[in-house]
Amino acid sequence: MSTFRGAIKRLSCDSKITAIFFDLDNTLIATRKADAKACSKVADLLHRDHGFSCELANETATNYLSAFRRCPDNPDMALAQWRSQLWYDVLPGTHKQLAGELYGRWLEWRYRYLAIPAEVQTMLQTLRLQYLLGIITNGPTAAQWEKIDRLALNKYFDCILVSSDLPWAKPDRNIFYAACHYLGVPPGQCVMIGDKLETDIQGGIEANLGATVWLPLPSEQRLVGDRTMDDVPEHVRPDAIVDSVLKFPALLPPSTSFRARTPSASSVSLQEQKTTRNRAAQYNRFLPEIPDLYSSYSSSSSGYSSNECSQHSIGSNHGSSS
């Protein structure tokens, strides 16, 4: 196994690498860190402008963060309404009227801290000259698409799958097979990188992807329940471990590009891009073929079935995003 300690050893794959699948939260974007920093800014605001003691301000912001992480979305409410309600619930009775203001400020700060660093943007643009790129993310539909839209991630990816738009979530191998179908590539030619062993790595391994790369969170960002190597089955072992997504390209085997793209061709048109938001136009037409995804790939990690498949059907993944 390659690690980020010392020289980086390239991934050893049985076939060429054609596509790369990225997890979204805490892999491409620093979601936990950004949410915590945004809440810290709200605590400062409550103390400075609204007369809260430091203790009460921090307690209020911390309670919001806990409630938001526990349930980031409510399918019966718009995102703004739900998040304002969470602020309303944690504010003391004398300050309930601040809920809307605090939500607006928190949202502004959140996306300031979630912004994709220039060096990550450059990495994605460079990778797209050689590989197909996809996002496979677990989480509620509205919350995940808000991040994708506000951060303008569409332009970097050929395929974007959100689990709550689908019948499955990571680690179900079918969500990886769906991405492979979308891009027209066999699983053995794909690499998955993500921060969760039990979803990104286990799912990638069980889908027989060419390789998996683990990006563990730093210790100060880990939460109770985060898995380590000791908490997952013995077969769940990544091919490599990195401490920064920027170190990922150095792991890729040389000369594996399936085709050379020019910079102008690397920008994805809306018609070419495959996303779970194409549900009304595409996905339901192919829904009967979904149960066959596993049989299409189970016989060989490098085999490829040419069955067409798109995605979408409401799932049950309204928990924490990944």
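This dialogue goes through the helices and cores of a predicted model.

Student: What makes up the secondary structure of the protein chain?

Tutor: Nine helices and seven strands. Helices are DSSP runs of at least four residues, strands of at least two.

Student: How do you know that the end C-alpha atoms of helix H1 (residues 31-50) agree with the expected span?

Tutor: Take 1.5 Å times one less than the number of residues. H1 has 20 residues, so the span should be 28 Å. The end C-alpha atoms are 27 Å apart, which agrees. Just after H1, Gly51 takes a positive phi of about 75 degrees.

Student: Why are Ala38 and Leu45 of H1 called buried?

Tutor: Buried means under 20% relative accessible area. Ala38 and Leu45 count as buried, and so do Thr31, Arg32 and Asp35, among others in H1.

Student: What covers the buried residues of H1?

Tutor: The cover includes helix H2 (54-70), helix H3 (79-90), H4 and helix H6 (141-150).

Student: What makes a set of residues a nonpolar core?

Tutor: Two tests: the residues are buried and of the listed nonpolar types, and side-chain atoms within 4.5 Å join them. The largest such core has 62 residues. Phe22, Trp106, Phe157 and Phe248 touch the most other members. Helix H4 (residues 99-114) gives the most to this core, with eight residues.

Student: Which residues does the second core include?

Tutor: Ile136, Ala178, Val185 and Leu209 are among its 21 residues, and this core is separate.

Student: How many of the residues of the protein chain count as buried?

Tutor: Of 322 residues, 52%.

Notes. Residues numbered from 1 in each chain as written. Predicted model: local features only at pLDDT ≥ 70, side-chain atom pairs only at ≥ 80, totals over all residues. Heavy atoms only, no water. Buried < 20%, exposed > 50% of the residue type's maximum accessible area, 1.4 Å probe, protein only. Contact = heavy atoms within 4.5 Å.
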